[in-house]
Amino acid sequence: MLASRGRRVLLTDADLATPIAELDLLDTRLTEEGGSGAAIGSRAHPDARIEVHQRKAREWLGRLGNGLIRLVAVKGISDTQCGFKLFDGDQARAAFADSRLDGWGIDVEILRFFRRSGWQVTEVPVRWAHQAGSKVRPLDYLGVLLELVRLRARFSLRGRVHRGDLAVLGVFLLGSVLLYKGLWTDLDHAYLADSGADQNQWEWFFAVTADNVHHLRNPLFTTLQNFPDGVNLMANTVMLGLSVPLTPLTLTLGPNVTWALVLTLGLTATAGTWYRLFLRRLVSDRRAAAVGAALAAFAPPMMSHANAHPNFVVLFMIPLIIDRALTLCRRGLGDEEDRGRSVARDGTVLGLLLTYQIFLGEEPLLLAVVGMLLFAVFYAVVRPARARAALWPLLRGLAYAAQIAVPLLVFPLYWQFLGPGSYHSVLHGTNAGNSPLSFLQFSGRALFGDETTADRLAMNRTEQNAFYGWPLIAAAFGMLVWLWRLAVVRVLALTAVAAAVLSMGAKIRLPYTHVVVPGPWRLLAHQPLFESVIESRVGMICAPALGALLALTVDRLLVRAPGGEGAVGRPTRVVGLLALAAALIPIIPTPMPVRERAEVPAFIADGTYRSYISKGQSVLPVPLPMPGSADALSWQSASVTGRGIGFPLPGGYFNGPWGPDRMGIYGAAPRYTSNLFMDVRNSGQVPDINANWKAQARYDFAFWKAGVVVLAPQPNDSALYDVLEKLLGRPGKRVGGAWIWDLPG
């Protein structure tokens, strides 16, 4: 084709399934259409004459392939595969010069080029007869589909992705990698120092999900922890939306790799979707959108959870949900960008997004809904007419979303709230709200942060849910004053303030006084779903609100041309950007510190334990794994890449029921012997072990169906050894780097 010189060029299959005499029909049609473009022979046209048919199976494969092609690459052409096409010569040479595919899919690439260039493509009915032995074989369709996916990706990247967008994503990825460089440099031994027992818990979540999928077990439940009662995985934050599809990675490389990858790429993806939302809905400058997205995704509260809680780091669905809801709202406003879109389609997509987010994290979704409701209420106050216009299409879209989400979620949610291992609520005490001072302080891991100050104002280092710092709060006030005329700015400010006040809890202690005033959270504290929420986390809503406010400000400073409407002079621009930099630099996150993880005893790692337990028995670590100390969970996680998790554990770190009211607690329901082990582990003191203690231990060991007791090296292990020796009436054996007691089966 590139060597041709003609005014028109014919491409025909060598088997002449379409006779060469049909060329006149294509030439006439091309002349009638103006002489340029392409006329293609069509077997699918109603007037086409099929003289010899293919076998039914081959015709069915052809229709299936054509459907895939029309879906993926070329819409509006009923017969893309017919090998009889007449082109305008110059246009054909341009299209084939641009072509990159080798093989059967080149026809599709050329037609896609014509469509993208706006050139005419006309279908002409022709005579056609099947020629035996010259057609695509059935297995070739797999290669065709792969070529079409490559074609689609190439055109999508060329037409939709700006180099600036790729650069922004690259910066986000680089920032995420630097934050977790301690993990990536030593995946086998590094443990996030501020995560408490959470890294062990999350690696176990990834491991047990992979094990369930690998053995085709119910992914919503397991007895591998809290044996024999088990754990309701749907009622825990196992992130099935990622842990299930990442099963091959977990089984191949281990849950520690999955853990590091989810944190790193999840943070990058979250920043990327905030960037997309801000650029599409809020600002026109990519730099402004990038700065705002960076604050939304890398704000101090997010970095606190980045130590231990992937469900609060992997939030890339939230901006997509917000964007789809805004699309529905804009239909009622008559905005050109969203005019003509289908409420049913957008509502259906919203339902799928919400469903997937349920399997990533329900509490983040609940907080996002709170933030969106606050924004909607304040927007209705500031712009009532526009709010009324947006309401009806939004409600219609939500109805469509419910029709999709409810059938998909009814069983998983039934299992979560009514299935085995379910519970009613989790109480977090009366001191779970943010102190007003915490909004003005720096977090412990911020560039200007102080661990001692932050520790006094937060529950722990994974729950520093405010700590935006006084420079950013001051800058936010300045941005609000400068952009007050913009309705969206007023609404964002009101949303952030309302979320901050809610996050202070049901009782707010005024700083530097003994005065306690009631907080608005008391209206939600005992409501369904909200009763399990740590109220200080509501302060995380402020991060995207402040990010949006920052993006708007940077956009006004960078984009407005001097002398135009809303223009700012060069001195104002420089001073404004410097002030924003001064507000943001103190809260830049520093890399996550790591420590050495506890070694897995060789008794477990090399599989020696298998000769000490039989089917239906558990391995009993001393002390039992619990929220404050869950190293034993890594014993199971480390084995998932081999034969799978080969033994259950009593106790554990999870959310489960306690008592007749099935109140939610962290860890297994305590037993006398498990409490004894933990008391000795913490104190190093050996109590008087009398006959009652021995009887209780025998009872608890039988309940746990323990086949072997394992005491690994740890602080106060000599005291624990003494207790075990007295409880069991015999010394332990040193096997594989641990003390063990084999129990009768």
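What follows is a walk through this predicted model, from the whole chain down to a few helices, strands and single residues.

Let's start with the overall picture. The chain has 745 residues, and 51% of them are buried. Its secondary structure comes to 27 helices and 18 strands. If you take the contacts in the chain with a separation of 6 or more, 76% of them come from residues 24 or more positions apart.

Now to a sheet. Four strands come together here as an open sheet, in the order 1-4-2-5, with mixed pairing. Strand 1 (8-12) and strand 5 (121-125) sit at the edges with a single partner strand each, so each has one side without a neighbour in the sheet. On average, and ignoring direction, neighbouring strands of this sheet are turned by 20° against each other. Helix 1, residues 23-32, packs on the sheet and touches strand 1, strand 2, strand 4 and strand 5, and its direction makes about 35° with that of strand 4. Helix 3, residues 89-98, takes another line: it lies across strand 1 and strand 4 and runs at about 105° to strand 4.

If you want to look at one pairing in that sheet, try strand 2 (residues 38-42) with strand 4 (residues 84-88): the two run antiparallel and are joined by three bridges. To find the register, pick Ala 39, whose bridge partner in strand 4 is Leu 86. While you are looking at strands, keep in mind that side chains in a regular strand alternate between the two faces of the sheet.

Next, the helices, with helix 16 as our guide. Two packed helices are described by the angle between their axes and the distance between the axes. Begin with the partner before it in the chain. Helix 15 (residues 343-358) packs against helix 16 at an angle of about 130°, the axes being 8 Å apart. The two helices are therefore oblique to each other. Helix 15 brings Leu 354, Gln 357 and Ile 358 to this contact, while helix 16 brings Glu 362, Pro 364 and Leu 365. Sorted by class, that is four nonpolar residues, one polar and one charged.

What about helix 17, residues 384-418? Here the angle with helix 16 is about 165° and the axes are 13 Å apart. That makes the two roughly antiparallel, and their crossing is left-handed. On the helix 16 side the contact uses Glu 362, Tyr 379, Ala 380, Val 381 and Val 382, and on the helix 17 side Pro 384, Arg 386, Ala 387, Leu 413 and Gln 416. These contact residues divide into seven nonpolar, one polar and two charged.

Then there is helix 20. Helix 16 (residues 362-382) and helix 20 (residues 487-502) pack at about 135°, with 9 Å between their axes. The pair is therefore oblique, and the crossing is right-handed. From helix 16 the contact takes Gly 371, Leu 374, Phe 375, Phe 378, Tyr 379 and Val 382, and residues from helix 20 include Val 488, Val 491, Leu 494, Thr 495, Ala 498 and Leu 502. By class, this contact has 13 nonpolar, two polar and one charged residues.

Stay on helix 20 for a moment, because Ala 500 lies in this helix and is buried, with a relative accessible area of 12%, against a cut-off of 20%. Leaving out residues up to four places away in sequence, Ala 500 touches Phe 439 and Cys 542. It also lies 9.5 Å from Arg 537, C-alpha to C-alpha, with 37 residues separating the two in sequence.

A second residue worth finding is Asp 211, in helix 8 (residues 198-214). Is Asp 211 buried or exposed? At a relative accessibility of 1%, Asp 211 counts as buried. Setting aside neighbours within four places in sequence, its contacts are Arg 217, Leu 224, Val 640, Gly 644 and Ile 645.

Finally, go along the chain to a hairpin. Strand 14 (residues 655-658) and strand 15 (residues 663-666) pair antiparallel over four bridges, and Pro 657 has Gly 664 in strand 15 as its bridge partner. Four residues lie between the two strands of the hairpin, and in the turn Gly 659 has a positive phi of about 80°.

Note on methods: Residues numbered from 1 in each chain as written. Predicted model: local features only at pLDDT ≥ 70, side-chain atom pairs only at ≥ 80, totals over all residues. Heavy atoms only, no water. Axes fitted to C-alpha atoms, helices over the stretch in contact; angles between N-to-C directions. Parallel < 35°, antiparallel > 145°, perpendicular 65-115°, else oblique. Left-handed = near helix turned anticlockwise from the far one by under 90°. Contact = heavy atoms within 4.5 Å. Nonpolar A, V, L, I, M, F, W, Y, C, P; charged D, E, K, R; others polar. Pairing = 2+ DSSP bridges. Buried < 20%, exposed > 50% of the residue type's maximum accessible area, 1.4 Å probe, protein only.
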